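Here is a walk through one protein model, from its main pocket to its surface and its salt bridges. Keep the structure open and follow along.

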Amino acid sequence: MYFDSPGKENTAKTIELAVQAVKDYDIRHVVLATTTGYTAQCFPSLEGVTVVCVPHAYGFKEPGKNELSDETIQRLHEKGFLVYASSHALSGAERGITGKFGGVSPVEVIAHTLRFFGQGMKVCVEIAVMAADGGLIPPNIPILSIGGTGRGADTAVIMRAAHANHILDTKIDRILCKPLLP
């Protein structure tokens, strides 16, 4: 499915397509981006499916802070969801170095290449690699990853995430939905 434009208004349809794909392809692990908790709270609990919610890293906007409130994290845990915040796989320390000294890192080239397909595609790959690195999903098996552009969800893929130290082994098997780009 292609959405006419990116954004939060696509969240309900993205989740509907994702839930159907979990059933159709016997997916056991879902990773979803959630900055404020909105997307994660919209996603249903599915029996036998591990759901990993990945917010921005601590310090993304303010040192020592996360945009996902403690109350929201508690509500997600009550739904049976895991919440995992870590350095962003496609920026992290490298962005700090290039921001200070200039230039571009290979990881930033990967991120910009994924954005050819839209911001949500970059997010889908990044959060899946982060979840694999954190031991919350197994590497190299089909999982469903949900990302977005700004707020909400507008991109969903079935993919096989590799750990960051083998990121070029990551594979995207199916694109379920994404926005058309302006």
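Start with F116, which is exposed, with a relative accessible area of 65%. The model is a predicted one, and every value here is computed from it. F116 sits in the loop between α5 (106-114) and α6. It belongs to a nonpolar surface patch of about 410 Å². The other members of that patch are F117, I172 and I175. A residue needs over 30% relative accessible area to join a patch. F116 therefore passes that cut-off, given its 65%.

Move next to the largest pocket. Its volume is about 440 Å³. In all, 29 residues line the pocket, and those closest to its centre are A33, T35, H56, V123 and G150. Three elements give two or more residues each to the lining: α2 (38-42), α6 (119-133) and β5 (142-147). Helix α6 supplies the largest share, 6 residues. What is the chemical make-up of the lining, by class? It has 10 nonpolar, 14 polar and 5 charged residues.

Stay with α6 for a salt bridge. E126 pairs with K122, and their closest N and O atoms are 2.8 Å apart. The two residues are 4 apart in helix α6, so about one helical turn separates them. Are these partners buried or exposed? Both E126 and K122 are buried.

By the distance rule used here, the model has 4 salt bridges. Another of them joins R160 and D173, again with 2.8 Å between the closest N and O atoms. R160 lies in strand β6 and D173 in strand β7 (residues 171-179), so this pair ties together parts that are 13 residues apart in sequence. R160 counts as partly exposed, at 29% relative accessibility. D173 is also partly exposed, at 36%.

One more salt bridge links the side chains of D26 and R28, at 2.5 Å from N to O. R28 is partly exposed, with a relative accessible area of 38%. D26 lies in the loop between α1 (11-24) and β2 (29-33). Look at the backbone there. D26 has a positive phi of about 50 degrees, although it is not a glycine.

Where else does a residue other than glycine have a positive phi, of about 65 degrees? N140 is the place to look. It is found in the loop between α6 and β5. N140 counts as partly exposed, because its relative accessibility is 46% and that class runs between 20% and 50%.

A glycine gives a further case of positive phi. G102 follows α4, and its phi is near 90 degrees. Helix α4 itself spans residues 92-101 and is hardly covered. How many of its 10 residues are buried? The count is 1.

Now turn to the buried side of the model. A111 lies in helix α5. It is buried, with a relative accessible area of 2%. Take L90 as its reference point along the chain. A111 and L90 are 21 residues apart in sequence, yet their C-alpha atoms are 5.8 Å apart in space.

I158 is a further buried residue, with a relative accessible area of 4%. Buried means under 20%, so I158 meets the cut-off. I158 is found in strand β6 (residues 155-160). Its C-alpha atom is separated from that of I141 by 9.7 Å, and the two residues are 17 apart along the chain.

End with P44. Its place is in the loop between α2 and β3 (50-54). P44 is partly exposed, with a relative accessible area of 31%. Pair it with I137, which is 93 residues away in sequence. From C-alpha to C-alpha, P44 and I137 are 18 Å apart.

Go back to the view as a whole with these markers in place. α6 gives the largest share of the pocket lining, and E126 and K122 form their salt bridge within that helix. Strand β6 holds both I158 and R160, the partner of D173 in β7. The loop that holds F116 runs between α5 and α6, and A111 lies in α5.

Definitions and conventions:
Residues are numbered from 1 along each chain as its sequence is written. This is a predicted model: local features need pLDDT of at least 70, side-chain atom pairs count only at pLDDT 80 or more; totals for chains, interfaces and linings use all residues. Side-chain values use heavy atoms; hydrogens and water are left out. On a 1 Å grid over the protein atoms alone, a cavity is a set of points where a 1.4 Å probe fits but cannot get out, and a pocket is an open set with protein on both sides within 12 Å along at least five of seven lines; lining residues have an atom within 4 Å of a point. Grid points are joined across faces, edges and corners, and a volume is the space filled by probe spheres set on the points. Ala, Val, Leu, Ile, Met, Phe, Trp, Tyr, Cys and Pro count as nonpolar, Asp, Glu, Lys and Arg as charged, and the others, Gly among them, as polar. Patches are made of residues with over 30% relative accessible area and no salt bridge: like charges are joined within 9 Å, nonpolar side chains (Val, Leu, Ile, Met, Phe, Trp, Tyr) within 5 Å. Accessible areas come from the Shrake-Rupley method with a 1.4 Å probe; for residues, only the protein chains shown count as cover. Buried means under 20% relative accessible area, exposed over 50%, partly exposed in between (1.4 Å probe, protein chains only).
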